[in-house]
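Reader: Hello! I'd like a close look at one part of this model, with the cut-offs spelled out as you go.

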Amino acid sequence: MIPGGGQPNMQQLLQQAQKMQQDLARAQEELANTEVDGQAGGGLVKATVTGAGVLRGLVIDPKAVDPEDTETLADLIVAAVAAANENAQALQQQKLGPLAQGLGGGGIPGLPF
């Protein structure tokens, strides 16, 4: 209900929408520049991804390298990248979740919430 029975102030609504859009863009940029880690095998394999989920680094301890068993190494790499991506999704939810709620709570297309 609008006080006084008047129409909503369109200028004010547009300004609010523009501010939310700027806040969202700023949060997405911050995510793209923030790195999070994940690991597997007790730290034998470590993966670094951005908050947006882009793989930026991979560190493999020489102890994880067995030429006779490359399957285990591959599994460790996949697990480390998956762990890093889980951490990135948690960071996305932390940074973008409140903004999504501000946009009506319906979520933002292309984002996992």
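Reader: To set the scene, what percentage of the 113 residues in the protein chain do buried residues make up? After that, please take me through helix α1 and the β2-β3 hairpin.

Author: Happy to! This is a predicted model, so local features need pLDDT of at least 70 and side-chain atom pairs count only at pLDDT 80 or more, while totals for chains, interfaces and linings use all residues. Residues are numbered from 1 along each chain as its sequence is written, and side-chain values use heavy atoms, with hydrogens and water left out.

Now your figure: buried residues make up 24% of the 113 residues in the protein chain. Here buried means under 20% relative accessible area, exposed means over 50%, and partly exposed is in between (1.4 Å probe, protein chains only). The chain has two helices and three strands, in the order α-β-β-β-α along the sequence. Helices (H or I, at least four residues) and strands (E, at least two) are DSSP runs, numbered from the N terminus.

Let's start with α1, which covers residues 10-33. The expected span of a helix is 1.5 Å times one less than its number of residues. For the 24 residues of α1 that gives 34 Å, and the end C-alpha atoms are 35 Å apart, which agrees. At the N-terminal end, Asn9 acts as a cap, with a side-chain oxygen 3.0 Å from the backbone nitrogen of Gln11. The buried residues of α1 are Asp23, Leu24, Ala27 and Leu31. An α-helix has 3.6 residues a turn, so residues three or four places apart point the same way. Asn33, also in α1, counts as exposed because its relative accessibility is 58%.

From Asn33 we can step across to Val49: the two are 16 residues apart in sequence, and their C-alpha atoms are 9.8 Å apart in space. Strand β2 spans residues 45-50 and includes Thr50. Thr50 counts as buried because its relative accessibility is 1%. Leaving aside residues up to four places away in sequence, Thr50 touches Leu31, Ala32, Thr34, Glu35, Val36, Arg56 and Ala88; contact means heavy atoms within 4.5 Å.

Finally, β2 runs antiparallel to β3 (residues 55-60), and five bridges join them. Two strands pair if DSSP finds at least two bridges between them. Thr48, for instance, has Gly57 in β3 as its bridge partner. The two strands form a hairpin with four residues between them, and Gly53 in the turn has a positive phi of about 90°.

Technical notes. A polar contact is a pair of N or O atoms within 3.5 Å; within protein, one must be able to donate a hydrogen and the other to accept it, and residues adjacent in sequence count only if both atoms are side-chain atoms.
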